[in-house]
Amino acid sequence: MNKLELLLKERGQIKKIGVIGMGYVGIPSAVLFADAPCFNKVLGFQRNSKNSGYKIDLLNRGECPLKGEEPDLGDLLARVVKAGKLECTHDFSKISGLDAVTLAIQTPFANSKDLEPDFSALFDGIRNVGKYMRPGILVVLESTITPGTTEGIAKQILEDESNLKAGEDFALAHAPERVMVGRLLKNIREHDRIVGGVNETSTRRAVELYSPVLTIGKVIPMSATAAEITKTAENTFRDLQIAAINQLALYCECMGINVYDVRKGVDSLKGEGITRAVLWPGAGVGGHCLTKDTYHLERGVKMGNLHLDYPKDTDSIYVLARKINDFMPTHMYNLTTAALEKIGKKMKGAKIAILGWAFIRDSDDARNTPSEPYRNLCLRAEAKIIVHDPYVMNYPGIEISDDLKKVVMGADAVVFLAKHSEYFNLKADWIKKITGKENTIVVDGRNIIEPDDFISKGFVYKGIGRGDKNEHVVVLA
Ligand code: SAJ
């Protein structure tokens, strides 16, 4: 039995857990640990900062600070707080009495230009753990991090602060979160959980921590770095699949073909191991996962002087995929410009109605929304922009209305950027009446409308991937 195994044996089963970061990942995670009968107590740690310190009292009253619908989370939170199994605090010294502590602190990009992640909040959390942890504790990083971070800087900070050795005096692992807003509890319980330790003993201890909260999900053990690569790769692959269909949509447009016919054809090839993951072309890829995880993976390969054998002077296909997906808002702008030109109009002075500011359908989440680069291109061409979204109420520097009639009124172009359900009910006659234009432009970035319904009523139609319709003859009034 190695030193760590002896320490863990002395400690016995995990009973007292800490979760650092009371956000979208930390709160459901803490609630599920608290709900598990095998654990006695969970402490939710939250910095008493200006804009999030309020969560401490709110959570201790059993109230959930998260926005939006999260089935069961509110009730379960109230129950475990009332039962005294979950308590929120800003006193990090309480870490000294814990058997395990997880860190669910977000890792945004410092800025979207150099794609350097901002790990400062995470490192603060790790330093706090290092300062108060005792031998035999299990430390787990849940945040999405660059491959090599757990074994690298995170281990370094913990060892420097505690004078303890990872893998010998304490267990250290990475267990990336896989939660999606609106399904937080379900995702934690039902998704398989990747758990990667800095050594076997650490991995086993982390498996002990996560197994009790899984229902359908299974624990998938591996090394810490493999776990970091898994998390970043699973989103990198999704981004790559979206880029593949976006590129095919662009090809179909220039070849006069309907990409959705081709998509149906390609997708029909089914059977063991011969399926094709054909996703959906669109106006772009937003959100806080797919827009950054590729760059975490790329940084992981670039950090440290690793020898990568790869075709010379060739872009990573993953970075290329990001470039294709980030080109789609520009393509939407090009489609809008081409449609205006078809009826002798210019972007300059045109009124463009943007329908959809959220990055994903029927959501108020607008992080890294593709609508923003599209809007900026139109503004640079001196068009007049008005934005509609039924869910996104505010966004820094952007005026957003939920009054569709007001937004569409007098518009030269109506541009669909998000696939909100209410847009599927929009009729050509209604839009034509409200815009008051003989030949209104309509640009469909999310395959929402039926082209012929609009073309027959004098609209100038452009749609992503609709090479079969984009060069239609305009029905003049
Ligand atoms: N998108 C497309 N075409 C597609 C799918 C998505 O253009 O076929 C666009 C969406 O419009 C959106 C962006 O990509 O702008 C991201 O969409 P998403 O469905 O991937 O949603 P995310 O960003 O919330 O991704 C999350 C990820 N979950 C975690 O990181 C824990 C991802 O791994 C999941 O696969 C995804 O949710 C999901 O499937 O819901």
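Colleague: Why are helix α12 and helix α13 called oblique to each other?

Modeller: In this predicted model, α12 (residues 317–342) and α13 (residues 371–380) pack at an angle of about 40 degrees. Angles under 35 degrees count as roughly parallel, and 65 to 115 as roughly perpendicular. About 40 degrees fits neither range, so the pair is oblique. Their axes are 8 Å apart.

Colleague: What is the hand of the crossing where α12 passes α13?

Modeller: The crossing is right-handed.

Colleague: Which residues of α12 and α13 meet?

Modeller: From α12 come Pro329, Thr330, Met332, Tyr333 and Thr336. From α13 come Pro373, Tyr374, Leu377 and Cys378.

Colleague: How do the residues of the contact of α12 with α13 divide into nonpolar, polar and charged?

Modeller: Seven are nonpolar, two are polar and none is charged. Tyr, Cys, Met, Leu and Pro are among the types that count as nonpolar.

Colleague: Why are α1 and α8 called roughly parallel?

Modeller: Helix α1 (residues 3–11) packs against α8 at an angle of about 25 degrees, with the axes 10 Å apart. The cut-off for roughly parallel is under 35 degrees. The angle of about 25 degrees is therefore in that class, and α1 and α8 are roughly parallel. The crossing is left-handed.

Colleague: What makes up the contact of α1 with α8, by class?

Modeller: Leu4, Glu5, Leu8 and Arg11 in α1 meet Thr201, Ser202, Arg204 and Arg205 in α8. That gives two nonpolar, two polar and four charged residues. Glu5 and Arg204 also belong to a network of salt bridges, linked with Glu200.

Colleague: Why are α2 and α4 called oblique?

Modeller: Helix α4 (residues 73–82) and α2 pack at about 50 degrees, with axes 9 Å apart. Roughly parallel needs under 35 degrees, and roughly perpendicular needs 65 to 115. About 50 degrees meets neither condition, so α2 and α4 are oblique to each other. α2 passes α4 in a left-handed crossing. The contact draws on Ile27, Pro28, Val31, Leu32, Ala34 and Asp35 of α2 and on Leu73, Leu76, Leu77, Arg79 and Val80 of α4. Nine of these residues are nonpolar, none is polar and two are charged.

Colleague: Why does Ser29 count as buried?

Modeller: Ser29 sits in helix α2 (residues 26–35). Its relative accessibility is 5%. Buried means under 20%, so Ser29 counts as buried. Leaving out residues up to four places away in sequence, Ser29 touches Glu142 and Ile188.

Colleague: How do you know that Asp124 forms a salt bridge with Arg47?

Modeller: Their closest N and O atoms are 3.5 Å apart. The rule asks for within 4 Å, so the pair qualifies under that rule.

Colleague: What makes this a link between distant parts of the chain?

Modeller: Asp124 is in helix α5 (residues 120–132). Arg47 is in the loop between β2 (41–45) and α3 (54–60). They are 77 residues apart.

Colleague: Why are Asp124 and Arg47 called partly exposed?

Modeller: Asp124 has 32% relative accessibility. Arg47 has a relative accessible area of 41%. Buried means under 20% and exposed means over 50%. Neither limit is met, so Asp124 and Arg47 are partly exposed.

Colleague: How far apart are Asp124 and Arg127 along helix α5?

Modeller: They are three residues apart, so about one helical turn separates them. They form a salt bridge, with closest N and O atoms 3.6 Å apart. Arg127 is partly exposed at 34%.

Colleague: Why is Arg205 called buried, and Glu208 partly exposed?

Modeller: The cut-off for buried is under 20%. Arg205, at 4%, is therefore buried. Glu208, at 27%, is partly exposed. These two form a salt bridge, with closest N and O atoms 3.2 Å apart. Both lie in helix α8 (residues 200–210), three residues apart, about one turn.

Colleague: How many salt bridges does the count come to by this rule?

Modeller: The count comes to 32.

Colleague: Which residues is Leu250 in contact with, leaving aside neighbours within four places in sequence?

Modeller: Leu250, in helix α9 (residues 224–254), is in contact with Phe327, Met328 and His331.

Methods. Residues numbered from 1 in each chain as written. Predicted model: local features only at pLDDT ≥ 70, side-chain atom pairs only at ≥ 80, totals over all residues. Heavy atoms only, no water. Axes fitted to C-alpha atoms, helices over the stretch in contact; angles between N-to-C directions. Helix = DSSP H or I, 4+ residues; strand = E, 2+ residues; numbered from the N terminus. Parallel < 35°, antiparallel > 145°, perpendicular 65-115°, else oblique. Left-handed = near helix turned anticlockwise from the far one by under 90°. Contact = heavy atoms within 4.5 Å. Salt bridge = Lys/Arg side-chain N within 4 Å of Asp/Glu carboxyl O. Buried < 20%, exposed > 50% of the residue type's maximum accessible area, 1.4 Å probe, protein only.
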